[in-house]
Structures are given as C-alpha cells and as structure tokens.
Amino acid sequence: MSHAIPYPTAAPSWLSPTNQDRLNLARKLTPRRLYNMSRVLSSYYAARATGKPVQWGLPFSVSFEPTTSCNLRCPECPSGLRAFTRPTGMLQPAFFERVIDELAPDLLYLIFYFQGEPYLNPSFLDMASYASRKGIYTATSTNAHYLHDENARRTVESGLDRLIISIDGSTQETYQQYRIGGKLEKVLEGARNVVAWKRKLGSSTPHVIFQFLVVRPNEHQIEEVRQLGRDIGVDEVRLKTAQIYDYAEGSDLIPTQDQYARYRKGEDGRWHIKNKLLNHCWKLWHACVITWDGQVVPCCFDKDASHRLGDLSQTGFREIWQSAPYQRFRQSVLRSRSEIDICQNCTEGLKVWA
C-alpha cells in the first residue's frame with residue numbers, strides 16, 4: 001500500500017495548469033541540484049568545443065523502467081511486438097530504493113517509464129511515492145487501462161507529478177488500429193477517475209496529459225481528441241510525432257501532414273529522418289535509462305538495451321557514469337553520431353511535439 005504524502009493543493013484560478021506544473025517542478029530545485037545542473041551544462045558545452053567526453057556532473061533526469069510487460073500489441077513498440085531479446089521482468093522496490101537513495105541529492109526529474117505498462121508492476125505507486133518523498137519530480141506514461149477508481153486515488157495520493165495518458169484516437173475504430181487490444185472507453189474512464197480524485201482531494205497533481213501519437217490512421221481526429229480533453233478536464237493535450245522502425249520504403253503510419261511526421265521523402269524516392277544527426281547529444285550528458293534489472297543504457301532509443309554501459313546490481317551509479325565504457329560511447333557520439341545504430345532514428349535535435 002502506498003504511503004500518502006503531502007501533495008500540492010489545487011492551483012489558484014489565475015494560474016494555468018501548465019504554469020502550475022512548471023511551478024511544481026521549480027519547487028523541486030535545491031542549491032545542490034542547481035549546482036549539479038550547472039556542472040552538467042558546462043561540461044556538455046566543453047565537450048562540444050573540445051570534441052572530448054568531458055563530464056563533470058551527474059544526470060538530473062533519469063528514466064527507470066517499472067516493467068517490460070504490456071497488455072497491448074502496438075505495432076511500433078518492442079513490448080507490444082514481444083520483440084525483445086532481453087528478459088521480461090518487474091523492477092523490485094528494494095533495488096529501486098537503493099539506487100534512488102544514491103541519485104536523489106542531485107536528481108530533479110524521474111521518468112517511471114521506458115518500455116512496458118508501468119501499472120502492471122504492483123509496486124509501481126509505492127515506488128512513485130518513495131521518490132516523491134525524496135523531493136524528486138516524478139512522471140509516467142500509461143495506456144490507462146488500469147486506472148480504476150482505487151488506482152486513480154492512489155495515483156493522486158502517491159505524489160506523482162505528471163501522468164501522460166496515451167490516447168491515439170477519438171473513436172474505438174481508430175484507436176484500436178494502433179493500440180491493438182486496447183479499449184478506448186477504459187482510457188477515458190481512467191482519465192475521468194484521476195481528474196475526479198484530484199478534485200476530491202484538492203490536489204494539483206498529477207498534471208494529466210492526453211498524448212496523441214499522430215499517425216496516418218488517426219490524423220483526422222486531432223481536433224476531436226482536443227475536445228475530448230476539454231470535456232474530461234485533463235490539463236493538457238499534446239500531439240507527438242511517431243517513431244517508425246522501417247521507414248525507408250515508406251509506411252502506412254507516416255502522416256500525410258508533414259508537420260506531424262519525423263520523416264520526409266527524398267529525391268531518391270526513399271524516406272529519410274528529418275534530423276541532421278549532428279555530432280553531439282544533450283541526453284548523454286544530463287540523462288540516462290535504467291532497465292528493470294539494473295542495466296544502465298544511454299537513452300530511450302536503446303529499447304533492447306544493446307548498449308549496456310554498466311550493471312547497477314554489481315556497481316554503483318557514480319562509477320558507471322564516469323566509467324571507460326560510458327566515456328567511449330560519449331566519444332563515439334562526438335566523433336560520428338550517424339554511425340551508431342540507436343542514433344540513426346533519433347529525435348535529439350528534432351522537433352517531437354507538433
């Protein structure tokens with residue numbers, strides 16, 4: 001059972017939900033975290049200037065994977081496709097708490113998501129509560145099929161700061177074309193439950209976002225989803241461009257509206273990512289991903305954890321962060337990012353939110 005913690009009271013009427021969310025994040029800043037952020041930023045620019053993998057700070061944003069399991073079968077997701085070569089499993093609370101205890105003094109932002117559906121981990125909300133009590137801004141992304149009334153209440157009570165709900169259609173017919181196996185009504189019911197409990201408890205958190213992944217089958221429903229968000233009372237509706245794995249020959253998922261696509265057709269008739277893939281990457285300096293079983297990987301584009309830079313079950317985080325393998329990977333990005341497999345379909349430097 002999660003431990004209830006003091007959560008921010010409902011925002012004043014003159015403060016927009018987005019500004020309330022920004023204020024909530026700003027309140028998590030401490031002198032130590034600000035100092036660490038300044039060290040990270042300065043080392044990043046030093047690395048760009050010198051071409052050497054200078055790293056003076058610790059990450060202030062970390063993604064922690066609650067599980068690789070998922071209830072849906074989305075066509076561009078390794079969890080949905082059951083395409084992992086790495087093991088499927090659940091993040092264990094004792095291990096999570098040990099790592100967070102080490103990171104918390106410098107860590108500002110914790111994303112409880114990598115692959116899989118977080119709410120399938122029975123300890124997910126307990127872990128969110130633990131991180132919240134450490135003063136860390138916490139966020140997760142969910143398909144919202146498990147936000148029944150009790151989970152919605154516990155979500156608000158956990159202190160979770162941001163809840164991203166994937167809603168990729170305004171009708172079941174459209175929604176299920178991408179969210180295979182999903183039920184739109186369960187998503188809408190889950191969103192209503194969280195909004196209702198925020199009101200009952202007088203809480204401004206979590207900041208609830210409807211995330212609409214724009215693909216060709218649903219691009220005609222953008223305005224309808226925005227209206228759904230207004231009707232239910234979510235705090236924000238965001239449009240996100242979709243990552244396509246096999247895009248070179250085109251895909252039925254690439255939107256017809258160019259502003260919602262990460263790819264464009266070249267003069268050679270093949271499709272290319274819009275990203276110029278310059279030889280630097282901010283993510284490698286300020287963030288990382290930790291899998292459910294403790295593997296540290298460079299970023300969220302390494303979905304199968306093929307670039308394992310350390311194992312937290314055997315080594316402390318600080319040692320891994322400054323290790324020779326990590327520095328070699330940073331150096332390889334500074335040398336030629338386009339030659340690294342996980343970078344070739346990356347959005348670092350590309351607009352993702354339309």
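**Rings, a helix face and a core**

Visitor: Which residue is buried along with Trp321?

Guide: Happy to start there, with the reminder that this is a predicted model. Buried here means under 20% relative accessible area. Trp321 meets that description, and so does its companion, Tyr326.

Visitor: How many aromatic pairs does the structure hold?

Guide: Rings of Phe, Tyr and Trp pair if their centres lie within 6.5 Å. By that rule, the number of aromatic pairs in the structure is 13.

Visitor: Is the pair of Phe96 and Phe112 stacked, tilted or edge-to-face?

Guide: A pair of aromatic rings is described by the distance of the centres and the angle of the planes. For Phe96 and Phe112 the centres are 5.3 Å apart and the planes stand at 40°. Planes under 30 degrees apart count as stacked and those over 60 as edge-to-face, so this pair is tilted.

Visitor: How many residues apart in sequence are the parts that Phe96 and Phe112 tie together?

Guide: Phe96 belongs to helix α4 (residues 93-103), while Phe112 belongs to strand β2 (residues 109-112). Both rings are tucked away: Phe96 is buried with a relative accessible area of 0%, and Phe112 is buried with a relative accessible area of 0%. The pair therefore links parts whose separation in sequence is 16 residues.

Visitor: And what kind of pair do Trp321 and Tyr326 make?

Guide: Their ring centres are 5.0 Å apart, and their planes meet at 70°. An angle over 60 degrees decides the matter, so the pair is edge-to-face.

Visitor: Which ring does the charged end of Arg330 sit over?

Guide: For a charge to count as sitting over a ring, CZ of Arg must be within 6 Å of the ring centre. The charged end of Arg330 is 5.9 Å from the centre in question, and the ring is that of Trp285.

Visitor: How wide an arc do the buried residues of helix α9 cover?

Guide: In α9 (residues 222-232), the buried residues are Ile222, Val225, Leu228, Gly229 and Ile232. The face turned away from them carries the exposed Arg230 and Asp231, and the cover over the buried residues includes α8, β5 and β6. The buried residues lie on the same side of α9 because their arc around the axis is only 115°.

Visitor: Which element gives the largest share of the largest nonpolar core?

Guide: This core has 93 residues, and among those touching the most other members are Phe64, Phe96 and Leu110. The largest share is seven residues, and the element they come from is α8.

Notes: Residues are numbered from 1 along each chain as its sequence is written. This is a predicted model: local features need pLDDT of at least 70, side-chain atom pairs count only at pLDDT 80 or more; totals for chains, interfaces and linings use all residues. Side-chain values use heavy atoms; hydrogens and water are left out. Rings of Phe, Tyr and Trp (its six-membered ring) pair if their centres lie within 6.5 Å; planes under 30 degrees apart count as stacked, over 60 as edge-to-face and the rest as tilted. Helices (H or I, at least four residues) and strands (E, at least two) are DSSP runs, numbered from the N terminus. Buried means under 20% relative accessible area, exposed over 50%, partly exposed in between (1.4 Å probe, protein chains only). A charge sits over a ring if NZ of Lys or CZ of Arg is within 6 Å of the ring centre and within 35 degrees of the ring normal. The arc is that of the directions from the helix axis to the C-beta atoms. Contact means heavy atoms within 4.5 Å. A nonpolar core is a set of buried Ala, Val, Leu, Ile, Met, Phe, Trp, Tyr and Cys residues joined through side-chain atoms within 4.5 Å.
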